[in-house]
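Here's a quick briefing to keep beside the viewer. Have the model open and click along as you read.

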Amino acid sequence: MFMESFITPTTASPSVPGRVIAVLAPHPDDEVLGCGGTLAALVHAQIPVHVAILTDGQKWQDAPNCRREESCCAAHCLGYGEPQFWGLADGHLLDVPDLAQRILHWLRKLEADTVLAPSLWEMHRDHRACAQAAAKATLMAGGTVRLAGYEVGVPLVPNLLVDITPWQGHKARAMACFASQLGRQALHRQIHGLNRYRTYSLPRHVRAAEAFCLMEGAELARLLQETSAHTVHLLSAQRHSTEREAQITALTQTLAQRDEAITTLTQTLAQRDEAISTLTQTLAQREAQLHQMLHSRSWQLTRPLRALAAVRRGERSLGSLFIALGRHAFHAAPLPQSWKTKAKVAAQTLREQVLQRLHSPANAHLNQAQVDACRALWQQGGWEGLLSPQAPTHWPHLDISLVTYHSARWLPGFFQSLLAQDYPLDRIHLLVVDNGSLDPTWELLQEFAATSGQRLAGVHLERGPNQGFGRSHNQAMAQGNAPWVLIVNPDVEFHPHSLTTVVAHAMADTPETTAWELRQMPYEHPKHYHPVTWETTWNSHACVLVRRAAVQSVGGYDPRIFLYGEDVELSLRLRANGFTLRYCPPATITHHAYPTPGEVKPAQFLGSVTANALIRLGYGTVQDMAMVPLLLGASLLRSPFAGARIQLLRYLARHFLPHVPAVLAERRQHPAVGIAPLRGMDYERPRHGAFVPACPLCGDLPLVSVITRTMAGREFFLWQAGMTVLRQTYPHVEWVVVEDGGNAQQPLVESLTRHTTRPVRYIPLPKVGRTEAGNRGLAEARGTLLLFLDDDDLLYADHLETLVRALLDHPEAAAAYSLALEIPTTVHADGSIREGEYLLHPGHLQPFDPQVLAHHNFIPIQALLVRRHLWEERGGFDPSLDVLEDWNLWQRYAQGNHFHYVPKVTSLYRVPADPTERLRRQTRLDEAYETVRQATARTLASTPTT
C-alpha cells in the first residue's frame, strides 16, 4: 500500500453521497468555485439540489442584484433551481448569532441528509463562519445529516474526491457567469488549477476532481472545537492589525481632515438652516393642502370609490364595506335622532338574541357559571395564590406522556428543548408510546434513551400499532406514578421556563383545579377563557399539565375517539365530575401545528367532524343532538381537500356509527348533559385572530403604564380589572389607579398590591370628573407606552404583549390597537352581575383609516396602546368633554400619524344589557356626537402636526 493512500484518496467517486443535497455558499460564486462540477453531476443523477447564498456579496459595492443575477445564471448552467438568497451582510457572518439555528431549520425543512459547505480550514472569515455554523447545525440534527466540506481559498485534507471530468465544461461556463469577480481576479484559472492538482493521486483518465472532507459525529465535534479556537486567535490578530492600521491612517490624516471639517461644517450649518426654513414652509403648505383636500366635496364624493379599491386590494372585506355604507346612509337619513337611537339599540339587541339562538342553549348557563365562580373567588378568597405563584421549595416528580407517529422530523427539537428546561431533569419521567411509525421515529427514541436517558429520572418506551391519540396516552400514563402528568405532542418545543412556570401555577391553585393548558406559539389556540380566573370549559391537549389522580378517577381518555376531540371529551368528563380547568398563558411552548396559516389538515377535518358529533350526542342538549345530521350534512357538502367527502364517509362509518348506540346509552347514565359550550363546529366561543403570529419577547422591553379611572361602589369591577392587569404575560407593567371623588377603593388596591411584585400606584382625587382623572393618570404614569383600562373592562392575558410586539415590529407606528369583545352586562342590587352573549362589533374590524376615525370611533378605549410622546406633544383628554373624550383624543393623536392594526381579540368591554339603560346611554352618546365631531375637526384644522 502506498503512503499517499493514507493522506488522500486514490480513487474518485462520481458524486457525494446523499438523497437530498443542501449547499451553503458564503458569497455568490463559492457554490460554483468549490463544488460546481459535483453539483452538475448530482443534477445529472436527478438528485435534488438546494443552494442557499448567505450574504449579499456587496463588499465591493457591485451594482444592486448583480451578484445575485450571476448566481442565478450559474445555476441555470449547472441545471439546479434558483438559489435561495438570505441577504446577510457581506463580511459579517461571524456576527450573526443564530446562524446555526437558521441553517438547521432550513435543513429540516428540506429534509436534507447531506450539506455541502466550505471546509473548517478556510481562511476567509465568512467562509469559516459558514463552515462552523454548518458544523453546529449538523451536530444539532442528531445524526440525520452529514457534512461535506469543500475547498475554495485553502486546500483541505480530503477523504473524498469527485471526478468532474465530464462536467468541466459545465463548471467553466458557470464560472464565466461571475464577470464582476473575474474582472478583479482570475478565479477561474486558479480553480481550474486546483481541480487539476486534485487528480495527482487518481488514475490518468481523471482530468479534474473536486475535493471534499466528509465529517460527522465525534470527529466533526472535535474539528469544530479546534477550528473555533483557531478562529478566535485569527479574529483577535485581525482586529489588532486593523486597529493599528486605522490608528496610523487616522494620525496621518487628522490635521488635514480637521481643517477641512471646520470649513465643511460651517457650510453645512448654513445649508441646514436654509433647508429647515424651506422644509418648514413646505410642510405648512402641504398640511394646508391636505386639510383642504380632505374636507373638499370631491374627496367626500369619491369616498365610495376608494372603499371599493380597498376591497379589490384585499385591505377590507366586502361585508365591512356594506356595513360602512349602511352606517353612512343611516347617519345621513333625514330621521329624528331619537328614532335613530332606538333603531341602533333594537338592532344590537336583535343581533344578540339571534346569536344566542344559533348556539347551544347551554352556553349562557356555562358562561354565567364562570362569572359566578369569579365572584365567589373574590368574596371567599383564594385569588392571592393565583396572582403571584411562587416556585416550590422542592419540585415534584413529573411524568411526561408522549405519543409518536411518524414524528422523526420533530423529535430532535423536542428532545433538545426538554433537556434545556430549568426544571430538575432528575424529577422528569418520560413515558413514550409509538403508534407504529414507519419513519426513523423509533430509532430516534431509542437513541435518546441510550445517550440522554440517564439525565432524566427515567425513560420508558413502548411500541405498537396505531391505536389513536387517547388510547395510547392512557397506555403511556399507566407506566408512571408521578402525581403530575404533562401530556404533550411531539411537534412541540418547550421554552426554557415552560415546565417550572406551569407547575408553579398548578401547585398554587385550588385543589379542585386539575388541568392547566400551556399557551401555544406562534399561533395561540383561539378559544375564549375567563380573563380573570383563566378558567376554561376545555383544554387543548397539545400540551397540558394534569393531576394524575383526577384523570384516573374519570377513566382517562375515551378510546372511541381516534384523533382530534379526545381532549374536549376528557375535559367535559372532568368538569362533569366537579373539576376545574384552567388556561396558563405565562407558560409558553412552540407548537409546529400549522406550516402555513389557515391550513386545512385532512386528519384534523375528519377527526373534528366525528368527535363533534359524538360529543353532541353524549353531552349536548336535545337541540345540540338535533344539529348532528345538519352538521354532518354541511361537512359532507364541503370539500376542503381532494377526496374529502368520500374520506369523511369512510371515517364516519369506522369511527362514528359503531359508537352511537353506546354513547346514547351512556348519556342516560350520567348527569353531564348540557355542559358542552357548542357553537357549530367549535366547542367554545372563538376569539378572532387565530393566525396572528406571536413569539417570545426578549431584550430591553419598555415599561407600559395601564391607567384605570374608578370611583366608589365599583369594588368587584375594579378587582377584576386589576387582576387582568397584574396577570399580564408582558413583564414590565405598572398599574396606575385614579379614584375620582374620594379614597373608597384604597383598601382594595392595597390588597392587590400586597400580592404582586408589579408596581401599583393609587391616586385619590376629589370629584373632578372622568377627563381630569384620566389626565392626572397620564401625568403620574412613568411608562413609555400608555393604555387606558376602564374599571369595568377586562384584558386577556396577552393583550399588552400583543400590542407591544406590534409597536416593536413597527417602529413607525405611533400606536397599536387590537380587537375587543363586547359584553352585555346586567348589575344586580346585591352587586352580582349577569353577562349576555359576547359580541365582536363588525365595525371594529377596521384597518387604520383616519377618515373613518373622523366619522366614528372604531377603537375601544382599552384596545389602544400609544407611545408616551403623543401625550407629551398633544396633551391628554379635553377637559370640556364628558363623553366621547377618547374618540376626540384618538383623532388628535392620529393626525399625521399611523396606528398599527392587530386583527386579534385581546380585550373585552362592558355595555348595558338592559334595553332601557342601553337606550339611555346611546341617546346620551348620540346627542354629544355631532358637537364632539365638529369641535374635534376645528381643533385638528387649527393644530399643525409635529
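**The second largest cavity and what surrounds it**

The second largest cavity is lined by L778, L786, L787, F788, L864, V866, W871, L889, W890 and Y893. Keep in mind that this is a predicted model. The protein chain has 946 residues, and 52% of them count as buried. Its secondary structure adds up to 32 helices and 25 strands. Among contacts in the chain with a separation of 6 or more, 82% are between residues 24 or more positions apart.

**Cavities**

- Searching the whole structure turns up four cavities of 30 Å³ or more.
- The second largest has a volume of about 50 Å³, and its lining is made up of ten nonpolar residues, with no polar and no charged ones.
- Strand 19 (785-788), strand 24 (864-867) and helix 31 (885-894) each put at least two residues into that lining.
- The largest cavity comes in at about 70 Å³.
- Its lining consists of N363, L366, N367, Q370, H528, T537, P677, R679, E684 and R685.
- By class, the lining of the largest cavity splits into two nonpolar, five polar and three charged residues.

**Around helices 27 and 31**

- Helix 27 (residues 770-780) has T771, A773, G774, N775, G777 and L778 as its buried residues; L778 also belongs to the lining of the second largest cavity.
- What do the buried residues of helix 27 pack against? They meet strand 16 (704-710), strand 17 (733-740), strand 18 (760-765), strand 19, helix 30 (868-874) and helix 31.
- N888 sits in helix 31, and it counts as buried because its relative accessibility is 2%.
- Leaving out residues up to four places away in sequence, N888 touches D878, L881, V932 and T936.

**Strand 5 and its partners**

- Four of the five residues of strand 5 (residues 146-150) are buried, so the strand is mostly covered.
- Strand 4 (residues 114-118) pairs with strand 5 in the parallel sense, over five bridges; here A117 has G149 as its bridge partner.
- Strand 7 (residues 209-215) runs antiparallel to strand 5, and four bridges join the two. Look for A148 with its bridge partner L214 in strand 7.
- Strand 4, helix 4 (residues 125-140) and strand 5 together form a β-α-β unit, and it is right-handed.

**L99 and its neighbours**

- L99 belongs to helix 3 (residues 99-110).
- Is L99 buried or exposed? L99 counts as buried, because its relative accessibility is 4%.
- Outside the residues up to four places away in sequence, L99 touches L54, W86, L88, L93, A129 and A133.
- Pick out A133 from that group: it is 34 residues from L99 along the chain, yet their C-alpha atoms are separated by 6.1 Å.

**Strand 15 and its partners**

- Strand 15 (residues 580-591) is largely enclosed by the rest of the structure, because eleven of its twelve residues are buried.
- Strand 13 (residues 513-521) pairs with strand 15 in the parallel sense over eight bridges, and R519 stands opposite T588 of strand 15.
- Strand 12 (residues 492-494) runs antiparallel to strand 15, with three bridges joining them. In this pairing F494 stands opposite I589.

**Backbone spots to check**

- M521 and P522 are joined by a cis peptide bond, with omega at about 5°. P522 lies in the loop between strand 13 and strand 14 (543-547).
- Q46 isn't a glycine, but it has a positive phi of about 60°. You'll find Q46 in the loop between helix 1 (30-44) and strand 2 (49-55), and it is exposed, because its relative accessible area is 71%.
- Y564 is another residue other than glycine with a positive phi, near 75°. Y564 falls in the loop between helix 19 (548-553) and helix 20 (566-576); with a relative accessible area of 24%, it is partly exposed.

Conventions:
Residues numbered from 1 in each chain as written. Predicted model: local features only at pLDDT ≥ 70, side-chain atom pairs only at ≥ 80, totals over all residues. Heavy atoms only, no water. Buried < 20%, exposed > 50% of the residue type's maximum accessible area, 1.4 Å probe, protein only. Pairing = 2+ DSSP bridges. Right-handed = clockwise from strand over helix to strand, strands pointing away. Contact = heavy atoms within 4.5 Å. 1 Å grid on protein atoms, 1.4 Å probe; cavity = no way out; pocket = protein on both sides within 12 Å on 5 of 7 lines; lining within 4 Å. Points joined across faces, edges and corners; volume = space filled by probe spheres on them. Nonpolar A, V, L, I, M, F, W, Y, C, P; charged D, E, K, R; others polar.
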